[in-house]
Amino acid sequence: MDLAATLAPLHNFFLIVSFVFGALVGSFANVCIGRWPHGESVISPRSRCPKCKSLIAWHDNIPMLSWLLLRARCRNCGLPISWQYPAVEFITGLLFLLVFWRFGFAAASPIYMGICAALVIVTFQDLTDWTIPNEITFPGIFLGPACALIGMTMPETSGLRVTDPLDALAGLFLGGAILYSLDRITVLLLKKPGMGFGDVKLLAMLGAFLGWWGVLFIVMFASIIGTIAGGLTIFYFRNKADSPGEETAESDTREEDADGISLQGHYLPFGPYLALAGLLYLFVGPEMIQWYIATLTPAPLDAAL
Ligand SMILES: [Zn+2]
């Protein structure tokens, strides 16, 4: 009897363990999101309230629970604590639980938990600071092909999406090349600011872990999600501008306003869409592609009759 079969009765217990472990990693992710943009160490000093600078006791730093028990306020100064902290902890916990549920006791699970935590950090740092941390993308670009190399020697049950180092390298270069050329085209032809080099490195990293099929899937789904989210954002700001009580802009200048909103006033980061599409591929991407190809393949004639 192998290890997985022995531990099968404890499946639900390990789902909970995965969630708790993810929430603790999420707590550390919050530190990274807050400190990396300022070039600060994530090891020391200990966490302080961003407003009154008082040290946070360990019992006031328990993922999600402390935020709820303190009613989202600092114990010392009483000023509000952002909902972002418990949200990052909950999302990371949920993703770790999903990884265990999807891949179980497999070599892929700890690797994919790491990718999930990395993508949560990328998403929230891009939303708050408009940057994607090199602390994530640089190691990721090397670790992706390294995992594929080790995956070569493992049985199929490892759960790894990519066990062929050539596929990892193809994903790395295709991911980098697609966004790099898109960035150049935007700058040279449209004379608009491009998407930024952080996104290029992020897709290269995702390609290094998920292969070149993964890159194509991620580009397509990130664009779809981005278009929907971008449309909703512009719609929201237009409605806000049209709401009564505010000076209504003349109808002929409104088109220009909308253009300005999408590019400068309310910059739309692309990193979160790449991260979301990357997670989608990680969990169900290859299965979705197989299903799609199967529906395109015509059924045998005798089956149709
Ligand atoms: Zn405080």
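The following dialogue reads the zinc site, the aromatic pairs and the overall fold of a predicted model.

Trainee: What should I keep in mind about the model itself?
Mentor: This is a predicted model, in which local features need pLDDT of at least 70 and side-chain atom pairs count only at pLDDT 80 or more, while totals for chains, interfaces and linings use all residues. Residues are numbered from 1 along each chain as its sequence is written, and side-chain values use heavy atoms, with hydrogens and water left out.

Trainee: Which residues are the protein donors of the zinc ion?
Mentor: Donors are N, O and S atoms within 2.8 Å of the metal (3.2 Å for Na, K and Ca), and sites may look incomplete because water is not among the atoms. Here the SG atoms of C49, C52, C74 and C77 serve as the protein donors, lying 2.3 to 2.4 Å from the zinc ion, and their spacing in sequence is C-x2-C-x21-C-x2-C. Since C49 lies in the loop between α2 (11–35) and α3 (65–69) and C77 in the loop between α3 and α4 (84–103), the pair ties together parts that are 28 residues apart in sequence.

Trainee: Why is the arrangement of the four donor atoms tetrahedral?
Mentor: Ideal angles for four tetrahedral donors are 109.5 degrees. Four donors count as tetrahedral if all angles lie between 85 and 135 degrees, and the donor atoms around this zinc ion subtend angles of 105 to 118°, which makes the arrangement tetrahedral.

Trainee: Is C49 buried or exposed?
Mentor: Buried means under 20% relative accessible area, exposed over 50%, and partly exposed in between (1.4 Å probe, protein chains only). C49 is buried at 7%, whereas C52 is partly exposed at 27% and C77 is partly exposed at 30%.

Trainee: How many aromatic pairs are there?
Mentor: A pair of aromatic rings is described by the distance of the centres and the angle of the planes. Rings of Phe, Tyr and Trp (its six-membered ring) pair if their centres lie within 6.5 Å; by this rule the count comes to 14 aromatic pairs, and ring pairs link F13, F14, F100 and F105 into a cluster.

Trainee: How many helices and strands does the protein have?
Mentor: Helices (H or I, at least four residues) and strands (E, at least two) are DSSP runs, numbered from the N terminus. The protein has 11 helices and zero strands, and buried residues make up 38% of its 305 residues.

Note on methods: Four donors count as tetrahedral if all angles lie between 85 and 135 degrees; four count as square planar and six as octahedral if opposite donors are over 155 degrees apart and all others between 65 and 115; anything else is irregular. Rings of Phe, Tyr and Trp (its six-membered ring) pair if their centres lie within 6.5 Å; planes under 30 degrees apart count as stacked, over 60 as edge-to-face and the rest as tilted.
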